[in-house]
Each structure stands twice: as structure tokens, then as C-alpha cells.
Amino acid sequence: MVVERFLKMGTARSRIREQFEYGMAQAAIVGKENVYDFSIGNPSVPTPAAVAETVKELLAMDPIALHGYTPAGGCAEARESIAADLTKRTGDQIRPENIFFTCGAAPAMTACMQALAVENAEFMLLAPYFSEYPAYAASTGAKCVVVPADTEHFQVHVDEVEKRITRNTQAVIVNSPNNPSGVVYSVETLQALAEVLTRKSEEIGHPIYILSDEPYRELVYDGLDAAYVPAIYPNTVICYSYSKILSMPGERIGYICVPDRCADSANLYAAIAGAARALGHVCAPSLWQRVVARNTELRPDLATYDRNRVTLYEELTKLGFRCVKPQGAFYMMVAAPDGNSEDFTQRAKALNILGVPCDGFGCPGFVRFSTCVSHDMILRSLPAFRKLAASYGL
Ligand code: PLP
């Protein structure tokens with residue numbers, strides 16, 4: 001016998017993967033240059049050369065020390081470096097003891113959820129939300145409560161958050177810059193959310209945490225900055241990842257930061273470490289802890305992603321599509337002209353344009369297109385988008 005909900009999760013195909021695999025099969029039939037695959041969020045700019053150089057330097061180290069187990073939360077060098085960098089950038093006093101290295105944001109989020117999943121726990125998801133959150137929560141047994149999207153500005157319906165808070169609410173998941181909308185939450189939005197969470201935490205007698213999922217933190221355009229959430233709401237835990245920022249999602253490296261200002265921070269950190277252990281975490285890859293620790297100044301190639309973002313947004317808007325203007329990350333949501341995202345996805349697919357309906361992101365009526373693609377592919381796809389627009393009479 002197996003656990004039914006895990007069986008379902010293991011056999012259900014993700015829409016993103018399904019479209020991606022279809023794209024590869026279709027490329028073999030019609031030619032790679034005639035398929036416009038906007039389905040997946042795999043970084044399209046090369047990993048910075050400094051990463052390979054650091055790997056080379058590290059490989060000259062004593063191999064036993066380099067490849068051995070590190071402490072569960074990470075080796076001293078790596079935790080010290082990340083803590084110093086965060087302190088410098090945010091002005092918050094972050095200590096190495098606040099940092100716990102993980103194999104990326106996915107296990108970071110899962111460990112945090114697990115640590116907070118007391119009996120009847122509820123986690124609040126702000127639509128549109130990353131479609132994997134319900135899967136992360138599935139291992140905890142907690143309930144996910146969805147706050148519907150603000151489909152005008154794609155900020156947060158703070159009133160709707162307030163209405164849904166119960167005494168079981170343990171955390172609100174915040175993801176800014178956002179996947180799938182590309183929107184960066186404004187300071188005003190975060191302040192309004194903080195005000196409600198502070199008031200409600202007092203009312204229900206325990207802190208409601210923010211789990212701030214930040215794999216796109218430095219992927220912001222037009223001179224914007226993603227806010228340091230703990231400065232606005234102290235009861236915030238950060239889950240960070242190098243997957244997108246340094247274009248290395250296959251290497252599995254990221255960290256959790258539980259700042260001292262967070263309520264019950266020492267116990268929360270310890271519970272997260274315990275939850276990670278229960279999930280089979282031993283330590284994050286030793287080599288990659290050291291690589292990121294030595295490269296805290298590296299930033300993604302924003303110009304390439306920005307060009308893609310601007311081109312796709314401008315061209316699709318010109319064709320008459322309603323697009324959510326991304327301010328960060330590398331995704332763009334387009335409204336299905338008749339509100340039917342599934343039909344929009346299928347019509348696009350018939351023209352070899354592959355996107356992902358946002359129903360799985362809690363936001364039906366929209367389709368997500370990833371802009372981490374080649375600029376050339378965007379240009380080649382425009383005649384097909386023109387046909388798609390015409391099919392709606394735009
Ligand atoms: N959170 C968000 C919002 C994401 O978009 C992703 C990956 O696409 C993840 C978490 C998981 O990232 P990682 O590769 O660090 O596990």
C-alpha cells in the first residue's frame with residue numbers, strides 16, 4: 001500500500017513539464033526553430049564565468065575537506081560570508097547562526113512549512129502563487145488557504161487576507177518578485193500586509209509568520225529593488241536560492257535565514273533544522289556552499305532578461321493582448337481574451353506557442369509565458385502570436 005496523496009502527486013503530470021516535453025517532441029517534427037517554447041523557468045543566460053573559476057580554485061583544496069559532510073546548517077565559511085553580506089545589504093544584524101543552507105528554495109520552503117505545521121495549521125497562499133506550494137504543503141498535512149488574485153495590479157488583496165485568517169493560520173507565503181506574474185510587491189503592499197498580520201497575531205495569540213520565498217530577489221528591472229521583508233514585518237523567514245540568480249538550478253543550493261528580530265527565532269531555527277533533518281537533509285552540497293560564499297557580489301545578467309521582457313510585453317500589447325507588466329523575475333502573464341485560459345493555451349499550442357495556463361497558479365483566465373528564452377525565439381514567434389491575436393479578432 002502507498003499513500004494515496006503522494007501516489008497522485010507522483011503520477012499527475014505538471015502542466016509546465018507537459019508543455020515542455022510536447023515542445024521537444026514537436027521540435028523533432030516541425031524543426032526546433034518553428035517551436036516557441038515559453039513554458040519552463042530554466043534560466044537562459046549562462047552561469048557567470050566566476051562560478052567556474054571558483055569551482056576550479058576549490059577543486060585544488062584538500063578533497064577530504066572539500067567533499068566531506070558539513071554541519072547540517074552549512075560550513076562556517078559559507079554561513080559567515082552570507083551573514084556578512086546580508087548584514088551589509090540590509091543593515092539588519094544577521095549572524096552565521098541565523099543561516100541554514102539548503103538544496104535550494106524548494107526544500108527550504110518545505111522545511112519551514114514542516115516546522116510550522118502544528119495540528120490544524122493553515123498556510124495562506126496569495127494568488128497568483130508558485131504552483132508547487134501545495135505540493136510542499138502536502139508533506140506537512142497542513143491546509144492551504146488561497147487568497148484570490150488582485151487581477152488589476154497583481155499586488156495583494158490585504159482585506160481578503162484578513163478575512164481568511166483564523167486561529168490556525170501559521171504563515172503567509174510571500175513571493176516577490178513573483179512567479180508567475182513577475183510583479184514586485186510594493187513597500188505599501190507589504191506594510192499593509194504587515195499591519196494586518198501584526199494585529200491578527202495579537203488577536204489570535206501567536207505570531208503569524210511570513211515565509212518570504214525569494215529566488216528572484218535580484219532579478220528586478222527599471223532600477224527597482226525588492227524590499228527586505230523582515231524590516232517591514234519582523235516575523236519573516238527568508239528562503240533564498242541561487243537557482244535563478246546564478247543560473248544553476250541543477251546544482252541545488254540556497255539557504256534559509258531566520259533573523260533575530262523574528263519572534264521565537266532560536267526555537268524556530270531549531271525546529272526548521274529538525275524538520276529538514278526529518279525530511280532527509282544532511283547538508284547542502286559542500287562544494288556549492290563554498291562557491292556561493294565566495295561570490296556574494298555576483299549578480300545576474302539583467303540586460304538579457306530585460307530585453308526579452310520589454311520585447312514580449314511591447315509586442316503582445318501592440319497585438320491587443322492584455323499583459324501584466326513584469327517588474328522582476330522572468331515570466332509574464334497574458335489574459336486570455338475571452339477569459340478561457342485552457343482554450344487560449346490550446347489555440348497557442350496549435351501555432352506551436354507553448355505557455356502554461358495559470359489555473360495551477362491559482363489565477364484562471366491567464367496564461368504564463370516565461371521570458372527566460374532566446375531573444376531570437378521571441379522575434380520568430382511574433383507571426384504566430386499575430387495569428388493567435390487574429391483568431392480572437394484582436
Ligand atoms: N519558489 C519559486 C517561486 C520558484 O519559481 C521556484 C522555481 O522555479 C522555486 C521556489 C524552487 O526553486 P529551487 O530551484 O531553488 O528549489
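Visitor: In what order do the strands of the open sheet of 7 strands stand?

Guide: This is a predicted model. The sheet is open and its pairing is mixed. Its 7 strands follow the order E2-E8-E7-E6-E5-E3-E4.

Visitor: Which strands of this sheet have one side left without a neighbour, and why?

Guide: A strand at an edge of the sheet has a single partner strand, so one of its sides has no neighbour there. The strands in that position are E2 (99-102) and E4 (143-147).

Visitor: In which sense do E3 and E4 pair, and which residue in E4 stands opposite Leu126?

Guide: Strand E3 covers residues 122-126 and pairs with E4 over 5 bridges, in the parallel sense. Opposite Leu126, the residue in E4 is Val147.

Visitor: Across which strands does helix H9 lie, and at what angle does it run to E5?

Guide: Helix H9 spans residues 187-204. The strands it lies across are E5 (169-174) and E6 (209-213). Its angle to E5 is about 170 degrees.

Visitor: How far does helix H13 reach from its first C-alpha to its last?

Guide: H13 takes in residues 302-318, which is 17 residues. At 1.5 Å a residue the expected span is 24 Å, and the model is close to that. The reach is 24 Å.

Visitor: Against which elements do the buried residues of H13 pack?

Guide: Buried here stands for under 20% relative accessible area. The buried residues of H13 are Tyr305, Asn308, Arg309, Thr311, Leu312, Tyr313 and Leu316. They pack against strand E9 (331-335), strand E12 (366-370) and helix H15 (375-391).

Definitions and conventions. Residues are numbered from 1 along each chain as its sequence is written. This is a predicted model: local features need pLDDT of at least 70, side-chain atom pairs count only at pLDDT 80 or more; totals for chains, interfaces and linings use all residues. Side-chain values use heavy atoms; hydrogens and water are left out. Helices (H or I, at least four residues) and strands (E, at least two) are DSSP runs, numbered from the N terminus. The expected span of a helix is 1.5 Å times one less than its number of residues. Buried means under 20% relative accessible area, exposed over 50%, partly exposed in between (1.4 Å probe, protein chains only). Contact means heavy atoms within 4.5 Å. Two strands pair if DSSP finds at least two bridges between them. Axes are lines fitted to C-alpha atoms, for helices over the stretch in contact, and angles run from 0 to 180 degrees between N-to-C directions.
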